[in-house]
Amino acid sequence: MATIAEFTDPRLVAIYDTMNPYSADAQPGFYSQLAAEVGAASIVDLGCGTGLITCELARQGYQLIGVDPAPAMLDIARRRCSDRVRWIDGDASRLGTPNADLAVMTGHVAQFFITDASWHAALTSLAAALRPGGRLAFESRNPGAREWEDWSRDARWSADDPNAGRVETWTEVHDVRDGIITCTGHYAFAATGEELVSPTKLRFRTERELTQSLADAGFAVEREYGDWDRRPVGPTTRELIVVAATADVERRWTAAMVEVAPIDPAHPHARYCISEYFSELDRRFDTGFDPARSIPASEEELRLPAGLLVVATLRGEPIGSGALKFHDNEPAEIKRMWVAESARGLGLGRRILRELEEHAAKHGARAVRLETNKTLVEAISLYRSAGYREVAPFNDEPYAHHWFEKQIRD
């Protein structure tokens, strides 16, 4: 966010509040009411910008931490108010563990986290900054509403800034791909004839992608709204407003009790996991799943030195698995990734991936790759958030093998 001209160019920062007004019954009112509902005393505002909402919440008596990576925006925020606010110049990683009751991301800040890795890093930092049972709330534009289709010079509008005078603005869209909108904001100053531009990218995550990414970071979604009047989320409602809670102490203890270790692929636990893996694929595919049409991974191929298999257990019961096939100087191949429904939300999928990556590196692999199917949207979200890049685009073949790859050592 800090490299975007809208947040760094002093001329654009000076008019930011004029060009981005809030309706009192929209974001400020929603987050204020939410803070009261959850009984918050301390609040983190990530991506606080010029501090409009931060300072409003502070004036209501809450203890605030305002965080933003753009110094020019924070300068305005500091001038706006200082009592009951601790300002942090930086990103979420600077938060530490203040044990806050509520964290918010307003102004569609969530959409500036373009990569799944950066989004996951922000969410995990926020989870660490909240007390057990603390809440996170934010909004993201609903991709189903396709709002970007209305962004053009024909949709320009203007506002009168007290210092800069009349400013006309519009957004030009350049590219729409994989949920990422590449666009440029234009600002034309009538008084000087100057036109400034602010190129940027915005990520439009689906409701399912948001829910999965939150679960991967240790959150459980409590409620969702489609707009600031708290209407339900619909296919084309403007917003995806999410309120999530950090995992309770019991769930954290459960996650800590899970063991992940290599096991012989002929072990009953291994065979159970692989059987459940294929059973889930069979349920997820519209016409069922034929294992004979998948890329093979026999027991011999999952036994050293050809490969290995790890199984996750909780209280001695198998709840997840993952395997590797080694290919000499080629990337190691990840296979049979599965997590039981009862264990989802514990971060187990990411933990198994890390375990497999470490084993692959120990056996000389420089990269790992895996194949998946477009039907498995939660798995795809996990891979992207774990730093895997897509090797080739999806196609419409039911059994198409879509590859992801990740470098694990130089």
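**Notebook: cysteines and aromatic rings**

I began with Cys-48, whose sulfur lies 8.4 Å from the closest cysteine sulfur, that of Cys-55, which is too far for a bond. I kept in mind that the model I am reading is a predicted one. I also looked up the accessibility of Cys-48 and found a relative accessible area of 7%, so this residue is buried.

Next I asked how many disulfides the structure holds. I found one disulfide, formed by Cys-55 and Cys-81 with their sulfur atoms 2.0 Å apart. This pair links distant parts of the chain, since Cys-55 belongs to helix α5 (residues 52–59) and Cys-81 to the loop between α6 (71–80) and β3 (85–89), 26 residues apart. I noted a torsion of about -85 degrees about the S-S bond of Cys-55 and Cys-81, and therefore I recorded the disulfide as left-handed. Cys-55 counts as buried at 0% relative accessibility, and Cys-81 is buried with a relative accessible area of 14%.

I then turned to the aromatic rings, for which the count comes to 14 pairs. In one of them, Phe-30 and Tyr-225 meet edge-to-face, 5.9 Å centre to centre and with 75 degrees between the planes. Phe-30 lies in helix α4 (residues 27–37) and Tyr-225 in strand β10 (residues 219–225), so this pair ties together parts that are 195 residues apart in sequence. Phe-30 also forms an edge-to-face pair with Trp-228, at 5.4 Å centre to centre and 65 degrees between the planes. I found Phe-30 and Trp-228 both buried, and I wrote down that ring pairs link Phe-30, Tyr-31, Tyr-225 and Trp-228 into a cluster.

Definitions and conventions: Residues are numbered from 1 along each chain as its sequence is written. This is a predicted model: local features need pLDDT of at least 70, side-chain atom pairs count only at pLDDT 80 or more; totals for chains, interfaces and linings use all residues. Side-chain values use heavy atoms; hydrogens and water are left out. A disulfide is a pair of cysteine sulfur atoms within 2.5 Å. Helices (H or I, at least four residues) and strands (E, at least two) are DSSP runs, numbered from the N terminus. Buried means under 20% relative accessible area, exposed over 50%, partly exposed in between (1.4 Å probe, protein chains only). Rings of Phe, Tyr and Trp (its six-membered ring) pair if their centres lie within 6.5 Å; planes under 30 degrees apart count as stacked, over 60 as edge-to-face and the rest as tilted.
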